[in-house]
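Let's take a walk through this model together. Keep the structure open beside the text and follow along as we go.

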Amino acid sequence: MAAYRWKSFEENEDRPVKPRRFGVTEMRSPHYNLFSHNLLQDIFESMGEYVDGLKFSGGSHSLMPKATIKQVIDMAHQHNVYVSTGDWAEHMIRKGPSGFKEYVEACKQTGFDTIELNVSSLGIPEETLLRFVRLVKSGGLKAKPHFEVKFNESDIPKGGDRAYGAYIPPAPRSFEFVEDVDLLIRRAERCLEAGADMIMIDADDVSKHADNMRADIIAKIIGRLGLEKTMFEASNQRTSEWFIKQYGPKVNLFIDHSHVVDVECLRGRNLGVNHASVLGSSYFLF
């Protein structure tokens, strides 16, 4: 049972109260049920202490009446939870040069706190991206550029059974991913210099399977950008556990709403090597 001994956050200050600068948990909205007011209310009332942010996924807010969006945002704010737009800005720039500025103003009027800028989806030059970051900041909102890490599958270590002592010739290594990651980091650094509050890293290829985690890439990103300024999308519970075991409770994570309690338990425990999900995947059946 020692593996599940609770830590004292008051003693080591690993888990400060909200609003937090590190150890942030941003929750993906249950967009398939987002019209259920009671669902989000139940989440905030039972787990609001563990949720720092709510992200509207997949442009779900674009299909909702403004009054409903405002109701959801107000509910989140009552529980000291910030609200992010998620990926939608790329649809606004099609309206012309003034489209993005109008989008920022509309988000501010609706009550959003953070505008996420998906760099891959936007497909804009770096100077335009930096201008968008400054427009978001000048509008009184927080800017969160969203970057993706991609590299060749040949760079993922191959597992599998083999006879003890058998020689396996090393696979040719592509250095394309190193160039891509360096470029990502340089662009992210410029975004931070322009005023961005945090960088979201969609490292799905890197962290889709915890067994094949590219720890060197993650370490390089954190080493250059800093733990406080970086948030990683954890696509599953094992990935969340890997990040917290490697970088402690101060790592910022974007997770599914059904993983909130599990992740908070991971942040607050000394984990054993055989740790299993605290509540299990069947606990939240929204």
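## Starting from a buried methionine

Methionine 47 counts as buried, because its relative accessibility is 4% and the cut-off for buried is under 20%. You'll find methionine 47 in helix 2, which covers residues 37–47. Now look for glutamate 264: along the chain, methionine 47 and glutamate 264 are 217 residues apart, yet their C-alpha atoms are separated by 9.6 Å.

Before going further, bear in mind that this is a predicted model. Zooming out, the chain has 12 helices and eight strands. Of its 286 residues, 49% are buried. As for how the chain meets itself, take the contacts between residues at least 6 apart in sequence: 75% of them join residues at least 24 apart.

Next, have a look at helix 3, residues 66–78. With 13 residues at 1.5 Å a residue, helix 3 should span 18 Å, and its end C-alpha atoms are indeed 18 Å apart, so the two values agree. Which residues of helix 3 are buried? They are Ile69, Val72, Ile73, Met75 and Ala76. Looking down the axis of helix 3, these buried residues fall within an arc of 160°, so they line one face of the helix. Turn to the other side of helix 3 and you meet Lys66, Ala67 and Gln78, which are exposed. Just after helix 3 comes asparagine 80, with a positive phi of about 60°.

Helix 5, residues 99–110, can be read in the same spirit. Helix 5 has 12 residues and reaches 16 Å from its first C-alpha to its last, close to the 16 Å expected at 1.5 Å a residue. Its buried residues are Gly99, Phe100, Tyr103, Val104, Cys107 and Thr110. Seen down the axis of helix 5, they fall within an arc of 140°, so they line one face of the helix. The face of helix 5 turned away from that buried side carries Lys101 and Gln109, both exposed. Just after helix 5, glycine 111 takes a positive phi, here about 115°.

Further along the chain, pick out glutamate 189 in helix 8, which covers residues 176–193. Is glutamate 189 buried or exposed? The relative accessible area of glutamate 189 is 23%, and since buried means under 20% and exposed means over 50%, glutamate 189 counts as partly exposed. Leaving aside residues up to four places away in sequence, glutamate 189 touches Arg224 and Leu225. Glutamate 189 and leucine 225 are 36 residues apart in sequence, with 6.7 Å between their C-alpha atoms.

Finally, let's visit the largest pocket. Its volume is about 430 Å³. How many residues line the largest pocket? There are 17, and those nearest its centre are Arg20, Val24, Tyr82, Lys142 and Met198. Strand 5, residues 142–148, supplies the largest share of the lining of this pocket, with three residues. Sorted by class, the lining of the largest pocket has nine charged, six nonpolar and two polar residues.

Note on methods
Residues are numbered from 1 along each chain as its sequence is written. This is a predicted model: local features need pLDDT of at least 70, side-chain atom pairs count only at pLDDT 80 or more; totals for chains, interfaces and linings use all residues. Side-chain values use heavy atoms; hydrogens and water are left out. Helices (H or I, at least four residues) and strands (E, at least two) are DSSP runs, numbered from the N terminus. The expected span of a helix is 1.5 Å times one less than its number of residues. Buried means under 20% relative accessible area, exposed over 50%, partly exposed in between (1.4 Å probe, protein chains only). The arc is that of the directions from the helix axis to the C-beta atoms. On a 1 Å grid over the protein atoms alone, a cavity is a set of points where a 1.4 Å probe fits but cannot get out, and a pocket is an open set with protein on both sides within 12 Å along at least five of seven lines; lining residues have an atom within 4 Å of a point. Grid points are joined across faces, edges and corners, and a volume is the space filled by probe spheres set on the points. Ala, Val, Leu, Ile, Met, Phe, Trp, Tyr, Cys and Pro count as nonpolar, Asp, Glu, Lys and Arg as charged, and the others, Gly among them, as polar. Contact means heavy atoms within 4.5 Å.
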